[in-house]
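Dear colleague,

I am handing over the structure we spoke about, and I would ask you to look through it slowly before reading my notes below.

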Amino acid sequence: MLRKAIKQFKLGVKNPAQAARVLASEAKMRAGIRTLRSVEMAVTWICNLDCDFCYAEDLMHAQKKPPHMPVDEVRRITKEAHDLGMIHINVTGGEPLVRKDIFEVVDAIPKDVVISLVTNSTLLTKEKVDGLKAAGLSTIQMSYGDYYLKSFKRDLARYCVEQGISVTLSVVNILSERANIEHAFKMAEEDDFSVLFNYPMIYKDIDLDSEYYWKMRYHPRCREDNMFWSGKDRCPAGTHKVYVTNDGDVMTCDRIHAIYGNLNEEPLADIHKRMYEQFIKHKSFCLLETCPDQWRENNQRSGHNYSPELLGTRSDPFNVFEGTQLMNGSVEGSTMAKEMHAARVGKTDDDAPAENGTNGAETDGTPAPDAEPSRAPSSH
């Protein structure tokens, strides 16, 4: 674990100010002091692709005209997060590179914070890499897997590394992607990348590829949903990490769309305090997990004994908190979002199996002919 922490620290941190801030944050977290470490920020819902497994599909389509987050709002919100201890921000969407002012967006973020950006790579060029580097980008996260093989450009990823921007290949841990993930690790070793392990959203019972996930999770080049230099087997969502949508809604993470406040109505400090006090009581390996068998396996493999009392549900693939105590303190979204949610829950109720599902270790993981793939996250 120490080798992994050192490698991830070296890959993520780009200047002395970032290093000092990360180390101070580690000390606060381990002392039990409330601190916000990571923010995922959707700066747009516009995307040049229309993936049928997009993790943000319901949020993107809940708005008739998906807006960009203004640069001044990026600056205001990141200042609030910075005051709360933020050491890492992930710029996401939508596809962030559709914004003509993406360099201004990145430049608005304090430079003692590790800045990453998620992209599907279709719009990435050497000129944009140069502009992102000049604006202060630390890491670029490139989606990688079957759907993205045509858009991923290895030579461009290598160019990023040459220019001082770390590269993370963002993958989803399902069995049908194992060959791609194995190749991602091969490239990571050869080209000095890292590989981001994303826990899959539950959809049509396509679950975690538990065998390979646990085989590689502690590899030095493997990042995970947890903070990538904390060395902790505990989900940080809602405590040390939050997700902010382009219109200011605050959620635990990009794949669980329960809203706990809006930054246009109250300060981030107040929202984060409420969320922290609620979620710090709930220890889990990943809040996305809905399968009791997988929960037990994660406990066994990580050496923990996290209680499954607040295990997520499958009533809504975009919100595993639905119907659980973790919805306490949440607020309603837009009318259109509520209508879409009601429609999803109704469809899921009609199609859902009687049980909560099986884990990836107990099935071959191959989707049925009419099944859709697991919904892909953007990641941290």
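What follows is a description of the sheet, then of one strand in it, and then of the nonpolar cores.

Please keep in mind from the start that this is a predicted model.

The sheet is a good place to begin. It is an open sheet of nine strands with mixed pairing, and the strands are arranged in the order E7-E6-E5-E4-E3-E2-E1-E8-E9. Strand E7 (222-223) and strand E9 (250-251) are found at the edges, and because each has a single partner strand, one side of each is left without a neighbour in the sheet. The partner of E7 is strand E6, residues 194-198, and these two pair in the parallel sense over two bridges, with Val195 standing opposite Cys222 in E7. As a general reminder, strands of a sheet pair through backbone hydrogen bonds, either parallel or antiparallel.

Next, I would suggest following strand E3, which covers residues 114-119 and has six of its six residues buried. In a regular strand the side chains alternate between the two faces of the sheet. Which residues of E3 are buried on one side, and which on the other? Val114, Ser116 and Val118 are on one side, while Ile115, Leu117 and Thr119 are on the other, and all of them are buried, so that both faces of E3 are covered.

E3 also has a partner strand in E2 (residues 88-92), with which it pairs in the parallel sense over four bridges, and another in E4 (residues 139-143), where the pairing is again parallel and runs over four bridges. Leu117 takes part in both pairings, since it stands opposite Val91 of E2 and has Ile140 as its bridge partner in E4. Helix H5 (residues 102-107) makes a right-handed β-α-β unit with E2 and E3, and helix H6 (residues 126-135) makes a right-handed β-α-β unit with E3 and E4.Leu117 and Ile140 return in the largest nonpolar core, which has 77 residues, and they are listed with Met142, Leu169, Phe197 and Phe321 as the residues with the most contacts inside it. Helix H8 (residues 178-191) gives the largest share of this core, five residues. If neighbours within four places in sequence are left aside, the residues in contact with Met142 include Thr119, Leu124, Phe152, Val167 and Leu169. Another core, of five residues, lies apart from the largest one, and among its residues are Ala42, Trp45, Tyr243 and Met251.

With kind regards

Notes: Residues are numbered from 1 along each chain as its sequence is written. This is a predicted model: local features need pLDDT of at least 70, side-chain atom pairs count only at pLDDT 80 or more; totals for chains, interfaces and linings use all residues. Side-chain values use heavy atoms; hydrogens and water are left out. Two strands pair if DSSP finds at least two bridges between them. Buried means under 20% relative accessible area, exposed over 50%, partly exposed in between (1.4 Å probe, protein chains only). A crossover is right-handed if, with the strands pointing away from the viewer, the path from the first strand over the helix to the second runs clockwise. A nonpolar core is a set of buried Ala, Val, Leu, Ile, Met, Phe, Trp, Tyr and Cys residues joined through side-chain atoms within 4.5 Å. Contact means heavy atoms within 4.5 Å.
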